[in-house]
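Colleague: I have a few minutes before group meeting. Can you walk me through this one?

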Amino acid sequence: MEGARGTGRWVLLSYRIPREPSQPRIAVWRKLERLGVARLGDGLVALPADDRTREQLDWVAEEVVDNGGTATLWIAEPGGAEQERAVVEGLRVARAAEYRAVSEEARAALTVESERVRVVRRLRGELRRIAARDYFPPPEREVARLAVRELAEPAPTSAEPAPTSAEPASTTVREKASVREKASVREKA
């Protein structure tokens, strides 16, 4: 299977870090989470291989060694397509859950006008952070982007017509425009 970078190769980090003090171990764990690694086993993580991911895991390896641990970086190919599909699917599922959380928060914020600007700014930042670790984008990515875009649009005013039976209240701005366009075509016919 070809990865997002089109290589089918992976950069692996095998590491061990002392349990005490816990702060360096927690810092490494958080950095790995921000990178969106696939956890292959205890102390073994992977990312699709490219210059950026290799450099990022190299920095983490240095931090592990600086804190009294051991770390080795590997460039590898999966033993089979099925194994790679399983790793890719695990990464996709993890990112999909993050995108769903952004979508849900954007929808929930639609009803709180006073918080919209702040929430939009925060959710856009969250989308950027997720995209940075999204090597195999799931369909939820576009749904989350649209939800944040809808939240960023001005709230409907009282001058805007209320939804009709052909236009449910939960439709997006794009869907509303499409419904209105179809209605105007029917009126002209």
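Modeller: Below we go from the overall fold to helix packing and then to single residues.

Colleague: Where does the model come from?

Modeller: This is a predicted model.

Colleague: Fine. How many helices and strands are in the chain?

Modeller: The chain has 6 helices and 4 strands.

Colleague: And what pattern does the chain follow along the sequence?

Modeller: Reading along the sequence gives β-α-β-β-α-β-α-α-α-α.

Colleague: What share of the residues is buried?

Modeller: Of the 189 residues in the chain, 32% are buried. The exposed surface comes to about 11900 Å², and carbon and sulfur atoms supply 53% of that.

Colleague: What about contacts with a separation of 6 or more? How many of them join residues 24 or more positions apart?

Modeller: For contacts with a separation of 6 or more, 72% are between residues 24 or more positions apart.

Colleague: On to helix packing. How do the axes of H3 and H4 cross?

Modeller: H3 covers residues 81-109. Its axis comes within 10 Å of the H4 axis, and the two cross at roughly 170 degrees. The two helices are therefore roughly antiparallel, since angles over 145 degrees count as such.

Colleague: Which residues meet there?

Modeller: H3 brings Arg95, Glu98, Tyr99, Val102, Glu105, Ala106 and Ala109. From H4 come Arg116, Val119, Arg122, Leu123, Glu126, Leu127, Ile130 and Ala131. By class, the H3 contact with H4 holds 9 nonpolar, no polar and 6 charged residues.

Colleague: And H4 with H5? At what angle do the axes cross?

Modeller: Roughly 160 degrees, with the axes of H4 (residues 116-132) and H5 (residues 140-152) coming within 9 Å. That makes H4 roughly antiparallel to H5.

Colleague: Is the crossing of H4 and H5 left-handed or right-handed?

Modeller: The H4 and H5 crossing is left-handed. On the H4 side, the contact uses Arg116, Val119, Val120, Leu123, Arg124, Leu127 and Ala131. On the H5 side, Arg141, Ala144, Arg145, Val148, Glu150, Leu151 and Ala152 take part. This contact of H4 with H5 has 9 nonpolar, no polar and 5 charged residues.

Colleague: You listed Arg141. Is Arg141 buried or exposed?

Modeller: Arg141, in helix H5, counts as buried because its relative accessibility is 17%, and the cut-off for buried is under 20%.

Colleague: What is Arg141 in contact with, leaving aside neighbours within four places in sequence?

Modeller: Tyr99, Ala131 and Asp134 are in contact with Arg141, once those neighbours are left aside.

Colleague: Switch to Ala132. Where is Ala132 found?

Modeller: Ala132 is in helix H4. At 40% relative accessibility, Ala132 counts as partly exposed. Its C-alpha lies 8.6 Å from that of Arg34, though the two are 98 residues apart along the chain.

Colleague: Now helix H2. Which helix residues does H2 span, and is Glu63 found there?

Modeller: H2 runs over residues 51-66, and Glu63 is in it. Glu63 counts as buried, at 16% relative accessibility. Neighbours within four places in sequence aside, Glu63 is in contact with Ala27, Val28 and Lys31.

Colleague: And Gln56, buried or exposed?

Modeller: Gln56, also found in helix H2, has a relative accessible area of 17% and is buried. Leaving aside neighbours within four places in sequence, Gln56 is in contact with Leu35 and Tyr135. From Gln56 to Leu32, 24 residues apart in sequence, the C-alpha to C-alpha distance is 9.2 Å.

Colleague: Let's do a strand. Where is the place of Ala46?

Modeller: Ala46 sits in strand S3, residues 44-48. It is buried, with a relative accessible area of 1%. Without neighbours within four places in sequence, the residues in contact with Ala46 are Trp10, Val11, Leu12, Val37, Ala38 and Leu40. The C-alpha atoms of Ala46 and Ile75 are 9.4 Å apart, with their positions 29 residues apart along the chain.

Colleague: Last one, the backbone. Is the peptide bond from Glu20 to Pro21 cis or trans?

Modeller: The Glu20 to Pro21 bond is cis, with omega near -5 degrees. Pro21 lies in the loop between strand S1 (10-16) and helix H1 (22-35).

Key: Residues numbered from 1 in each chain as written. Predicted model: local features only at pLDDT ≥ 70, side-chain atom pairs only at ≥ 80, totals over all residues. Heavy atoms only, no water. Buried < 20%, exposed > 50% of the residue type's maximum accessible area, 1.4 Å probe, protein only. Contact = heavy atoms within 4.5 Å. Areas by Shrake-Rupley, 256 points an atom, 1.4 Å probe, with all protein chains shown as cover. Axes fitted to C-alpha atoms, helices over the stretch in contact; angles between N-to-C directions. Parallel < 35°, antiparallel > 145°, perpendicular 65-115°, else oblique. Left-handed = near helix turned anticlockwise from the far one by under 90°. Nonpolar A, V, L, I, M, F, W, Y, C, P; charged D, E, K, R; others polar.
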